[in-house]
Amino acid sequence: MNNYCTRELKEKYPFLRDADKFALTNAICHLDKAYKRMFRHEGRHPKFKSKRRSRKSYTTNLSNGNIKVFEAKIQLPKLGRIKAVIHRIAPEEYVLKSATVLMERDGSFYVSVLYEYDEVNNSSMGNEIVGLDYKSDGLFVSSDGECCNMPKYFRQSEPRLAKAQRKLKNKVRGSNNWEKQRRKIAKIHRHIANQRKDFLHKKSTEITNRYDIVCVEDLNLRAMSNKGFGNGKATLDNGYGMFLIMLNYKLRARCKKLVKVDKWYPSSQLCSSCGHRKEMPLSERTYKCPNCGAVIDRDMNAAINILNEGRRFLE
């Protein structure tokens, strides 16, 4: 079916013959998966990819040794050997499967290579458990009392970004100088994103190595980033949703578990000592229980409640 579709498309659009044949085949397979997910009510209707706004990428498969990784070069179909900065060389027993070429908005190119290998995982889930509560002015507060203060990377680069955007505003749209300035802005955004990802990867790996079960709240971060809460920029700068995704797959790779507590669970309103419930506006940062007299930090109290609810869910 895919071969028939590619032949028809290449006859209708001759420029598709210039590209790698697997790029078109994989695009059709991705579209087929998207429609199947939609019919299973697991996703929305697929949308057309914008030529200007969407991220430009394609995936090619290994066939007859058309993809090879060298010390300072990479070989790709129809492109040959290209100079590249190789992150690391995979062991010989790894089987190369595919490569994805990605173009960033600032004009830089990346190649992500997929390998298949057999790994014997002898790790088992232990009893070390922790609860994490989201902290808008940071990243999270754990039930053990640890407060992760996320560096505000966007805030740090915001003056430089604003200056670059002002320069772009005074240039003729579509001109060469306008395009050069646009790429400078895209480079600043990519630098911020790389800083954020680096920090989140290191922190999620640290949590995964220390604990066997991690309990978190299943928050709707898109709703929290709207204007009603007044902290949308801080919510998006933290990258807490990306942090949970990293935690999930890293814990599963080590045979560990991520427990998500329902977002409607009143973790901030319950006393972690006696279970008394009271209203807690966002302006109150200290929980003072009128029943048992306990005084504790609001986020710390919520983290302990999330831990207790996660234990109850597991039992």
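These are my notebook entries on what I looked up in this predicted model.

**Ground rules.** I number residues from 1 along each chain as its sequence is written, and my side-chain values use heavy atoms, with hydrogens and water left out. Since the model is predicted, local features need pLDDT of at least 70 and side-chain atom pairs count only at pLDDT 80 or more, while totals for chains, interfaces and linings use all residues.

**The whole chain.** I began with the secondary structure, which comes to 8 helices and 13 strands; helices (H or I, at least four residues) and strands (E, at least two) are DSSP runs, numbered from the N terminus. The C-alpha atoms fill a box of roughly 75 × 60 × 45 Å, taken along the principal axes. Of the 315 residues, 35% count as buried, where buried means under 20% relative accessible area, exposed over 50%, and partly exposed in between (1.4 Å probe, protein chains only). I then looked at contacts (heavy atoms within 4.5 Å) and noted that, of those with a separation of 6 or more, 58% come from residues 24 or more positions apart. For charge, I found 63 positive and 34 negative side chains, with the centres of the two sets 11 Å apart. In this count Lys and Arg are positive and Asp and Glu negative, with His and the chain ends not counted, and the place of a charge is taken as NZ of Lys, CZ of Arg, CG of Asp or CD of Glu.

**Strand E10.** I turned next to strand E10 (residues 213–217), where 5 of its 5 residues are buried. Both of its faces are covered, with Ile 213, Cys 215 and Glu 217 on one side and Val 214 and Val 216 on the other. Which strands pair with E10? Two strands pair if DSSP finds at least two bridges between them; strand E7 (residues 129–134) runs parallel to E10 and is joined to it by 3 bridges, and E11 also runs parallel to E10, with 5 bridges. Ile 213 appears in both pairings, as the bridge partner of Ile 129 and as that of Lys 257 in E11.

**Lys 256.** I found Lys 256 in the loop between helix H7 (240–253) and strand E11 (257–261). Is this lysine buried or exposed? Lys 256 counts as buried because its relative accessible area is 16%. A polar atom of its side chain lies 2.7 Å from the backbone oxygen of Thr 208.

**Ile 192.** This residue is found in helix H4 (residues 176–210), and Ile 192 counts as buried because its relative accessibility is 3%. Which residues does Ile 192 touch, not counting those up to four places away in sequence? I noted Tyr 153, Phe 154 and Ser 157. I also looked up its separation from Lys 21, which is 171 residues in sequence and 35 Å in space, C-alpha to C-alpha.

**Two hairpins.** Finally I followed strands E2 (residues 68–69) and E3 (residues 73–76), which pair in the antiparallel sense over 2 bridges and form a hairpin with 3 residues between them. E3 is also joined to strand E4 (residues 80–83), in the antiparallel sense, by 4 bridges. E3 and E4 form a hairpin with 3 residues between them, and Lys 78 in the turn has a positive phi of about 65°. I could trace Ile 74 through both pairings, since Ile 74 in E3 stands opposite Val 69 and has Ile 82 in E4 as a bridge partner.

Definitions and conventions
A polar contact is a pair of N or O atoms within 3.5 Å; within protein, one must be able to donate a hydrogen and the other to accept it, and residues adjacent in sequence count only if both atoms are side-chain atoms.
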